[in-house]
Amino acid sequence: MSGEQESDGGWRKTFWDPEKKQFLGRTGESWLKISVFYVIFYAFLCGIFIGSILVLLMTLSVYKPKYQDKIVPSGLSFLPYATNFEIIFKKDDPSSYESYVKSLKKFIEQYNDDKQTDDMKYENCGAFPKPYIERGELESNASQRKSCRFSRSELQGCSGEIDTTFGFKEGKPCLIVKLNRIVNFRPKPPFRVNSLPDALKITSFDNLMPVFCTYKREQDKGKIGEIKYFGFAGRGGFPLQYYPYYGKMLHPNYLQPLVGIKFTNLTMNRALSVECRVYGSSYEKDSRHGLFYVHFTVKQ
């Protein structure tokens, strides 16, 4: 019995020893000292962390990235969103292309005319491609910059205004193409004619960067069919007056120019690979910049 009592007293004294007045092996004074030490220690660590963040933020601009010397030319991207860049649908089955149509509709709504009526935010930038529109210093916080209007009606057969399925119902799908936003990036039109595909060499591209699509694989030659391009002033390219982009702080209402690409005669029941590229002196012919691939399968 005495052994059990000694045993009970042993584990109880681990928490509280009434003789030495210790809790978990420490007196009240010892607990106070170690608590004060850790409060000061962690406060010091937090101060160093917060101070380093504040110093870092002081060296950064809210208007543009600190370093842009390694930023490549703006990439070319497209809608609708397609997993693994594969667009597969059956033209007689609306459910098979419903997600593509929803993706296009959601994106194109911001280009509705009724959302660009505020003259304090938007302005007309001409009916034809023009040089860049400079809107002041990039790091000036004088005011927000106006944005050029871009109506979805410019995309004509790919606007979704008349054909709300963007061509998918007829097996003639549309892509909406844009250049990704990069602060202060100034794209340049093609400088050498020999860098263009044959179909574009007979056209002048003053103040415009054209987009062109073709087959990616040799076995798809002749299977893609006619491709139609819709865009600013009826041309399939990006006009320079929409650049440069001043960033979210100064250009919150900025609208990228778009190009609509309609594939009017894709071979049915066959997987087709298409390559689309933007042409300009900022983009080298053999580089992967300004390029994307998309794979179509239209079932009938």
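This is a short tour of some salt bridges in the structure, one stop at a time. The model you have open is a predicted one, and it holds 7 salt bridges.

**Stop one: inside a helix**

Start by selecting E98 and K102. Their side chains form a salt bridge, with 3.5 Å from N to O. Show the backbone as a cartoon and you will find both residues in helix α3, which covers residues 94–108. They sit 4 residues apart, about one turn of the helix. Now switch on the surface: E98 is partly exposed, at 40% relative accessible area, while K102 is exposed at 54%, because exposed means over 50%.

**Stop two: between two loops**

Next, select D119 and R149, whose side chains meet in a salt bridge at 2.6 Å, N to O. D119 belongs to the loop between α3 and β5 (122–123), and R149 to the loop between β6 (147–148) and β7 (174–179), so this pair ties together parts 30 residues apart in sequence.

**Stop three: a small group**

Now pick D220 and R270, another salt-bridged pair, at 3.7 Å from N to O. Here distant parts of the chain are linked: D220 is in the loop between β8 (208–215) and β9 (227–230), while R270 is in the loop between β11 (259–263) and β12 (271–278), 50 residues away. Is D220 buried or exposed? D220 is buried, with a relative accessible area of 0%, whereas R270 is partly exposed at 30%. Before you leave, add R217 to your selection: R217, D220 and R270 are joined into one network by salt bridges that share partners.

Terms used. Residues numbered from 1 in each chain as written. Predicted model: local features only at pLDDT ≥ 70, side-chain atom pairs only at ≥ 80, totals over all residues. Heavy atoms only, no water. Salt bridge = Lys/Arg side-chain N within 4 Å of Asp/Glu carboxyl O. Buried < 20%, exposed > 50% of the residue type's maximum accessible area, 1.4 Å probe, protein only.
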